[in-house]
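Let's take a walk through this protein together, one question at a time. Have the sequence and the model open as you go.

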Amino acid sequence: MKTLFFLLISVLFLDASTINLDEILQKLKNEHPAAKSIQSLEYAHNSQNKAVSSREALGFLAEGTYAKPALDKSGYEYSVGVEQKFMHPSVKKNTIKSAKYGSEAEILSLKHDFALLENEVRLLYHINCLDQKNISRFKESFLAYEALYMKKEKSYKYGEISKKELLQLQIELERLKNEYKFYENEVKISRDNLQSKILLPFFKDKELSCEDIKPVIKEFDFDSKDETLNEQSLNKKIQSLQSDFDRYNAPFDSFTLGASYQNELDAERFKVALSIPLNFTTSFNEESRAAAMHKKSAAQYEKDGLKLQKTSGVEVLKKELTQSFENINAQKAMVDKYENELMPLVKSAYALGEDSAIEYLLSQRELLRLKEELAVQHKKYYETLFKLHSVLQIKE
């Protein structure tokens with residue numbers, strides 16, 4: 001019963017100390033500084049858009065004067081009133097639209113950057129899992145070789161092998177120890193790289209699940225027709241600039257209505273005033289309209305270029321992904337044949353004294369080299385895969 005309880009606690013503790021990729025990405029969306037920045041900016045833009053759509057404040061006018069129009073009469077005169085500025089309906093409508101689309105463009109651009117960060121995290125997660133798998137595989141080979149060396153050490157004591165052969169085996173053991181340290185550093189570096197992107201304290205005491213890494217397959221169903229967040233951002237920017245262009249088409253931007261009461265020594269007056277700017281007396285609106293038109297054209301060209309770059313980039317990456325898949329399969333077949341067919345024969349020949357220690361060591365090194373090349377191919381595959389995800393802004 002105690003044993004069962006201990007095992008249950010151990011399993012629970014193990015589960016609590018591991019984290020998978022989806023959990024990491026969810027934490028990023030909820031807690032990463034970049035995600036919080038986007039959320040705060042959304043709130044800010046929401047308030048800003050409301051501010052733009054609200055009417056201007058009512059103005060209060062007051063004036064006082066001491067007057068002496070005649071010798072027998074003097075005193076104070078005053079006037080009080082209010083004025084309100086009204087924007088032209090078309091100008092107000094397009095000003096609101098311009099601010100709204102401009103805010104949305106900025107948010108979409110930031111979300112694009114955050115999507116790139118998420119893909120970096122996905123890649124580094126896979127890289128660290130591969131490094132862990134590599135060191136685990138290397139450790140198996142190292143322990144098997146260490147066990148062999150211990151046997152040969154005993155054989156030397158009984159005079160069954162020469163000092164030279166033992167030294168060769170000993171040097172190889174030291175080399176493998178150094179190589180094992182190299183793999184340990186690789187795991188640490190890729191882990192640190194992942195941590196540098198996540199920037200959250202929860203991650204430091206967690207082990208990666210690594211049960212959710214993407215399988216190596218030949219083809220994915222990628223659709224390059226869907227617009228990326230970057231393209232959507234440019235669409236909003238174009239709409240904002242179109243609204244700016246339309247804004248300057250109005251005959252006047254605004255007019256001001258005012259009403260006041262004037263109390264003079266010999267009369268009381270009620271005054272109504274209207275003020276309208278004469279846009280035709282300046283080239284400001286015309287030049288502003290031209291600027292908005294050229295900026296819109298520039299944004300459209302930028303979007304067209306981005307679309308062409310995406311289309312051509314996707315085709316290249318797809319070919320690279322297919323090539324990586326074929327390289328992995330070819331390398332894996334070579335490793336399997338070497339490990340499962342050739343190495344047993346080499347070990348058997350060495351054990352029977354038919355091959356020298358050098359021949360055995362060279363075969364062992366070649367196997368490790370083939371496995372290392374396979375690991376490199378796997379990393380290249382995932383680098384290409386997540387680069388493709390970034391180009392297409394694939395949502396998972």
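**Charges, folds and surfaces**

Q: What is the relative accessible area of Lys 27?
A: Lys 27 counts as partly exposed, a class that lies between buried (under 20% relative accessible area) and exposed (over 50%), with a 1.4 Å probe and protein chains only as cover. The reason for that class is its relative accessible area of 30%.

Q: Which atoms do side-chain values use here?
A: Keep in mind that this is a predicted model, where local features need pLDDT of at least 70 and side-chain atom pairs count only at pLDDT 80 or more, while totals for chains, interfaces and linings use all residues. Residues are numbered from 1 along each chain as its sequence is written, and with hydrogens and water left out, side-chain values use heavy atoms.

Q: With which residue does Lys 27 form a salt bridge?
A: A salt bridge here is a side-chain nitrogen of Lys or Arg within 4 Å of a carboxyl oxygen of Asp or Glu. For Lys 27, the closest N and O atoms of the pair are 3.2 Å apart. The two residues lie four apart, about one turn, in helix H2 (residues 21-31), where helices are DSSP runs of H or I with at least four residues and strands are runs of E with at least two, numbered from the N terminus. The partner, partly exposed at a relative accessible area of 32%, is Glu 31.

Q: How many residues apart are Glu 186 and Lys 379?
A: Glu 186 and Lys 379 form a salt bridge whose closest N and O atoms are 3.8 Å apart. The pair links distant parts of the chain, with Glu 186 in helix H5 (residues 163-198) and Lys 379 in helix H8 (residues 357-392). Glu 186 is partly exposed at 26%, whereas Lys 379 counts as buried at 17%. Along the chain, their separation is 193 residues.

Q: What separates the closest N and O atoms of Glu 366 and Arg 369?
A: These two residues are three apart in helix H8, which means that about one helical turn separates them. Glu 366 is partly exposed at 26%, and Arg 369 is partly exposed as well, at 35%. In the salt bridge of Glu 366 and Arg 369, the closest N and O atoms are separated by 2.5 Å.

Q: How many salt bridges does the count come to?
A: Some of the bridges join up: Glu 172, Arg 175, Glu 179 and Arg 365 are linked in a network. By the 4 Å rule, the count comes to 18.

Q: Which residue forms a disulfide with Cys 129?
A: The structure holds one disulfide, a term that stands for a pair of cysteine sulfur atoms within 2.5 Å. The sulfur atoms of this pair are 2.0 Å apart, and the link is left-handed, with -90° about the S-S bond. It ties Cys 129 in helix H4 (residues 89-157) to a cysteine 81 residues away, in the loop between strand S4 (207-208) and helix H6 (229-247). Cys 129 is buried at 5%, while the partner, partly exposed at 21%, is Cys 210.

Q: How far apart are the end C-alpha atoms of H4?
A: The expected span of a helix is 1.5 Å times one less than its number of residues. H4 has 69 residues and should therefore span 102 Å. In agreement with this, its end C-alpha atoms are separated by 101 Å.

Q: What distance separates the C-alpha atoms of Leu 124 and Leu 194?
A: Leu 124 lies in helix H4 and is buried, with a relative accessible area of 15%. Leu 194 is 70 residues away along the chain, yet the two C-alpha atoms are separated by 5.5 Å.

Q: What arc do the buried residues of H3 cover around the axis?
A: In H3 (residues 33-53), Ala 35, Ile 38, His 45 and Asn 49 are buried. They sit on the same side of H3 because their arc, taken from the directions from the helix axis to the C-beta atoms, is only 70°.

Q: Which exposed residues does the face of H3 turned away from its buried side carry?
A: Helix H3 has 21 residues and reaches 30 Å from its first C-alpha to its last, close to the 30 Å expected. The face turned away from the buried side carries the exposed residues Tyr 43 and Lys 50.

Q: Which strand gives the most to the nonpolar patch?
A: Leu 58, Phe 60, Tyr 78, Val 80 and Val 82 make a nonpolar surface patch of about 480 Å², with areas from the Shrake-Rupley method and a 1.4 Å probe. Patch residues have over 30% relative accessible area and no salt bridge, with nonpolar side chains (Val, Leu, Ile, Met, Phe, Trp, Tyr) joined within 5 Å and like charges within 9 Å. Val 82, for one, is partly exposed at 34%. The strand that gives the most, with three residues, spans residues 73-87 and is S3.
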